[in-house]
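Here is a short briefing for a reader who is new to this structure. Take a look at the sequence and the fold before reading on.

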Amino acid sequence: MTLQASAARKVLDSDPDFAREALAAIEETTRDAVGELDSVLGLLREGEAAPAPAPSPTLMDLDGLLARTRAAGVAVELTAPGTLDRLPPVVSREAYRIVQEGLSNALRHAGRVPVRLRIAEEQKKVEITMENPVDGTPRARTAGGGRGLRGITERVTLLRGTCAWDTVDGVWRLTVRLPVEASR
């Protein structure tokens, strides 16, 4: 949300349509976050009936995430099969969070550069590959946000998958492989 707000502020006078899209994405993201937070707080309260938890987003919710990312000024090219609904819920949920963190990292560390996202189910694994150009110029670190590569690694480890990242010829690449069958 911070990145979206920052992008909206920077173009408020020069591109009000973009600013409106970014603000709409912030509004939607905030509603989702408040719903999830309310569910967690309900679980922590003693003596109160806990409300039904808000469903965690999965790869089936990817369109909304990509729309919010694009509203923040990042062009995202997605290549994915039309069968993402066949993945086990835990894999789909963690894959969504990995993509979310990867997109945030691209914006935070490379700026408003194009991102290629590929999701494929191959040989009993789902593979997520994200690529974006980098220019080698260190960017100022921003406070807050997610847990970056450490958070991605933790999610992948919990599902007994693998992940790797590297920069080759000015392109940052993150590759994650999650087993599908073991999670069914």
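A residue counts as buried when its relative accessible area is under 20%, as exposed when that area is over 50%, and as partly exposed in between. By that rule, helix 4 is mostly covered, with 16 of its 22 residues buried. The model is predicted. The points below take the sheet, the helices, the core and the salt bridges in turn.

**The sheet**

- Five strands form an open sheet in the order 1-2-3-5-4, and their pairing is mixed.
- Strand 1 and strand 4 (162-168) are the edge strands, each pairing on one side only.
- On average, neighbouring strands of this sheet are turned by 10° against each other, with direction ignored.
- Strand 4 and strand 5 run antiparallel and are joined by seven bridges.
- Thr162 stands opposite Arg177, a residue of strand 5.
- In general, the strands of a sheet pair through backbone hydrogen bonds, either parallel or antiparallel.

**The helices**

- Helix 4 lies across four strands: strand 1, strand 2, strand 3 and strand 5. Its direction is at about 10° to strand 3.
- Does the length of helix 4 fit its residue count, and what is the span? At 1.5 Å a residue, its 22 residues should span 32 Å; the end C-alpha atoms are 31 Å apart, which agrees.
- Gly111 comes just after helix 4 and takes a positive phi of about 90°.
- Helix 5 (residues 148-158) lies across strand 4 and strand 5. Helix 5 runs at about 20° to strand 5.

**The nonpolar core**

- The largest nonpolar core has 30 residues, of which Ile119, Ile128 and Leu178 touch the most other members.
- Helix 3 (62-71), helix 4, strand 2, strand 3, helix 5 and strand 5 each supply at least two residues of this core.
- Helix 4 gives the largest share of this core, eight residues.
- Leaving aside residues up to four places away in sequence, Ile128 touches several residues, including Ala95, Ile98, Val99, Leu117 and Ile119. Leu174, Thr175 and Val176 are also among them.

**The salt bridges**

- The structure holds seven salt bridges. In general, side chains of opposite charge can pair when their charged atoms come close.
- Arg86 forms a salt bridge with Glu121, with the closest N and O atoms 3.4 Å apart. Arg86 lies in the loop between strand 1 (76-79) and helix 4 (89-110) and Glu121 in strand 2 (residues 115-122), so the pair ties together parts 35 residues apart in sequence.
- Glu121 has a relative accessible area of 27%, so it is partly exposed.
- Arg116 and Glu131 meet in a salt bridge through their side chains, at 2.6 Å from N to O. This pair links distant parts of the chain, with Arg116 in strand 2 and Glu131 in strand 3 (residues 125-133), 15 residues apart.
- Arg173 also forms a salt bridge with Glu131, the closest N and O atoms being 2.5 Å apart. Here Arg173 in strand 5 (residues 171-179) is linked to Glu131 in strand 3, 42 residues apart.
- Is Glu131 buried or exposed? Glu131 is buried, because its relative accessible area is 13%. Its partner Arg116 is partly exposed at 43% relative accessibility, and Arg173 is partly exposed at 38%.
- Arg118, Glu122, Glu127 and Arg177 are linked in a network of salt bridges.

Conventions
Residues numbered from 1 in each chain as written. Predicted model: local features only at pLDDT ≥ 70, side-chain atom pairs only at ≥ 80, totals over all residues. Heavy atoms only, no water. Salt bridge = Lys/Arg side-chain N within 4 Å of Asp/Glu carboxyl O. Buried < 20%, exposed > 50% of the residue type's maximum accessible area, 1.4 Å probe, protein only. Pairing = 2+ DSSP bridges. Axes fitted to C-alpha atoms, helices over the stretch in contact; angles between N-to-C directions. Contact = heavy atoms within 4.5 Å. Expected span 1.5 Å × (residues − 1). Core = buried A, V, L, I, M, F, W, Y, C linked by side-chain atoms within 4.5 Å.
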